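Subject: The structure I promised you

Hi,

Here is the structure I said I would pass on. Have it open while you read, and turn it around as you go.

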Amino acid sequence: SAVCSQSAVSVPRDFEGCSTLRKYLGQLHFLQSRIPMGHGQDAAVPVTWTEIFSGKAVTHEDIKYEQACVLYNLGALHSMLGAMDKRVSEECAAGAFTYLRDHFPHSYSVDMSHQILSLNINLMLGQAQECLLEKSMLDNRKSFLVARISAQVVDYYKEACRALENSETASLLGKIQKDWKKLVQMKIYYFAAVAHLHMGKQAEEQQKFGERVIYFQSALDKLNEAIKLAKGQPETVQEALRFTMDVIGGKYNSAKKDNDFIYHEAVPALDTLQSVKGAPLVKALPVNPTDPAVTGPDIFAKLVPMAAHEASSLYSEEKAKLLRDVMAKIEAKNEVLDQFMDSMQLDPETVDNLDMYNHIPPVLMEKCAALSVRPDTVRNLVQSMQVLSGVFTDVEASLKEIRDLLEEDEAQERKLQELLGRVPPAPGSPPGLAEVSKECSKYLELHEKASFTNTELHRAMNLHLGNLRLLGGPLEQVRAALPTPTLSEDDKQVLQNLKRILAKVQEMRDQRMSLEQQLREMIQKDDITTSLVTTDRSEMKKLFEEQLKKYDQLKVYLEQNLAAQENVLKALTDANVKYAAVRKALAEVEHKWNTTVQTLVASYEAYEDLMKKSQEGKDFYTDLEGKAAKLLERARAACQASEAHRQQLLERELKKQPPPRPTAPKPPLQKKPLD
């Protein structure tokens, strides 16, 4: 037995190590059934193991503590081997932790508390379900099935998160609790995004284009939350999130564009669509410590008779049956409660969220602080844009003058042609005007394109200038620019009532958990082996019935707690109906508040870009101004040469014409003499 114990302490980290732990666990059960080595019994010996979280050595004189530690290590080893044989190992780990939670006291050490074990179980099941999700996507399974598998991953991690949020768990885990919770919440949002991505794909297959948009939008929102929570995670995680963002972002943009321009379907609110119900395809594999196929031969078979221990095992099964019956009722009510609360989407801590309006958010304070040490920000931007406008105007004037010169030259050329009576240009016309015209057209085209960009740049500057002035001004003005909700006394009363009922819901949850914990601890401590030794076999059933009556009071309390749920949820429903208008108003103000903050931040972040584009504009127009000025000089010279050439032609034509012939004088008419 000592050799067996030593082997179990230093097992190899492979599947052979799992086999060794299972064999040792079975032999411990065989030993326990024959020799009184439990807590307070005659043959009890000290058993020492080191706690995981504190690193402290913990000793109990109880063979069940040895069994519990071996089970814990079995679960831990299976979870480590998950990388080699993912789903099965995670299910084995969940099975080991489940058996440990349901069959052993939780007071042995902090790492065996009910909440820690529930956390481990749901983490293992969540990771096992993740493996199935990955396989279902690789196998191109139907979108709705993939969505349900992913939704179940979310459910497992939500259970894990509830265990992490328990105050007892938080105190046990210390600093790592926040990191674990953040990671689990990141996974919840990530796999919720995957679920809605595939619900969107299903909507696409069913040609429900409005539903497709809202599912993809929801997937995008949840993925953004996951990305926020993933800060500090390894690069592999960041890369996976970026890849998923590319997929979901592309899907959403395409779906929205198609719906806006082609299908024009109404986009329903997400809460009007049926929620995705998880499909649990993994389970905690059951542990049977005395399975001969696992334990090998019973090395204590010949030590003592088994009659009393067999009877004790029967009583343990009666207790287990009682626990299963109670837990079935609790879990059914919990499922209804969880689904109800998820559908309500009511968080007691953020029901009104009024505190956020009392402060300028840190991201905005950061921008205000940055502008406070750069007081010339707005002036520099305005000056830069004024310089750009001046150069722009100079270029426009030069190009207009060139165009006017060319048009005037063309007009003079037409007059000359009309006068001379010929259309083709006269030989010997001065060169250069055609090149000037061609180059002017090129510059006008560049100017026209740049003019649009310049207009957009001025529009952007005007858009952001007021916000930049606001950010650079007193903080009181910034705070005044942020929207704040206005609640009437009735609205405040509605909020208070809702908070009160939400507190009742939490009180009901806490009481239920406490009663369940009391029942489990009572069952764990309930050992009637001593009584069984002196009881006749024919009286066993009666003894069991008498012993099980000790649980009646706890069962009554639990029944009352479960029965109260219907009334509490009805009151919450009524309160939520009254809260709807307040909620809508608060949501609208919060949306405006977030939009205002984002707009102000965007204006700050746009400053450097505006300055850069302004400088690029100045450089472009300065270069174009130089070219336009040179072209203007060439145009003037070419037009003068053209005008001189026309004068020469006109003079030449005039010389070619003969002088007018003199007209012979007509003889005077003879007058008739008077008689």
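Below is what I found in it, starting with the helices and ending with a few single residues.

Before you start, keep in mind that this is a predicted model.

**How the helices pack**

A quick reminder before the details: a pair of packed helices is described by the angle between their axes and by the distance between those axes.

Start with α5, which covers residues 114–138, and α6, which covers residues 143–165. Their axes come within 8 Å and cross at roughly 165°. An angle over 145 degrees counts as roughly antiparallel, so α5 and α6 are roughly antiparallel to each other. What kinds of residues make up the contact of α5 with α6? They divide into 14 nonpolar, eight polar and two charged. As for handedness, α5 and α6 make a left-handed crossing.

Next, look at α10 and two helices that pack with it. The axes of α9 and α10 are 9 Å apart, and the angle between the two helices is about 150°. That is again past the 145 degree cut-off, so this pair is roughly antiparallel too. The α9 and α10 crossing is left-handed.

With α8 and α10, the angle is about 30° and the axes lie 11 Å apart. Are α8 and α10 roughly parallel or roughly antiparallel? They are roughly parallel, because angles under 35 degrees fall in that class. Here, too, α8 passes α10 in a left-handed crossing.

**A pocket to look at**

Rolling a probe the size of a water molecule over the atoms shows where empty space is left. One result here is the second largest pocket, with a volume of about 690 Å³. Its lining is made of 23 residues. If you want to find the middle of this pocket, select Met137, Tyr190, Phe191, Ala240 and Thr244, since these lining residues lie nearest its centre.

Which elements give two or more residues to the lining of the second largest pocket? They are α5, α8 and α10, so you have met them already in the packing above. The biggest share comes from α8, with nine residues. Sorted by class, the lining of this pocket has 14 nonpolar, four polar and five charged residues.

**Two residues with a positive phi**

Now for a pair of backbone details. Gln207 has a positive phi of about 60°, although it is not a glycine. You will find Gln207 in the loop between α8 (176–205) and α9 (209–229). Is Gln207 buried or exposed? Its relative accessible area is 57%, and over 50% counts as exposed, so Gln207 is exposed.

His264 is another non-glycine residue with a positive phi, this time of about 55°. The loop that holds His264 runs between α10 (235–263) and α11 (292–295). With 55% relative accessibility, His264 counts as exposed.

**Residues apart in sequence: where are they in space?**

Last, here are some pairs to try with your distance tool, going from C-alpha to C-alpha.

- Asp102 and Gln524 are 422 residues apart along the chain, and their C-alpha atoms are separated by 8.5 Å. Asp102 is found in α4 (residues 86–103), and it is partly exposed, at 22% relative accessible area.
- Arg634 and Gly432 are 202 residues apart along the chain, with 8.0 Å between their C-alpha atoms. Arg634 lies in α20, which covers residues 552–656, and its relative accessible area of 37% makes it partly exposed.
- Ser19 and Leu74 are 55 residues apart along the chain, and 9.0 Å separates their C-alpha atoms. Ser19 sits in α2 (residues 15–32) and counts as partly exposed, at 26% relative accessibility.
- Leu543 and Ile528 are 15 residues apart in sequence and 9.6 Å apart in space. Leu543 belongs to α19, residues 540–548. At 16% relative accessibility, Leu543 falls under the 20% cut-off, so it counts as buried.

That's the tour. Have fun looking around!

Cheers

Key. Residues numbered from 1 in each chain as written. Predicted model: local features only at pLDDT ≥ 70, side-chain atom pairs only at ≥ 80, totals over all residues. Heavy atoms only, no water. Helix = DSSP H or I, 4+ residues; strand = E, 2+ residues; numbered from the N terminus. Buried < 20%, exposed > 50% of the residue type's maximum accessible area, 1.4 Å probe, protein only. Axes fitted to C-alpha atoms, helices over the stretch in contact; angles between N-to-C directions. Parallel < 35°, antiparallel > 145°, perpendicular 65-115°, else oblique. Left-handed = near helix turned anticlockwise from the far one by under 90°. Nonpolar A, V, L, I, M, F, W, Y, C, P; charged D, E, K, R; others polar. 1 Å grid on protein atoms, 1.4 Å probe; cavity = no way out; pocket = protein on both sides within 12 Å on 5 of 7 lines; lining within 4 Å. Points joined across faces, edges and corners; volume = space filled by probe spheres on them.
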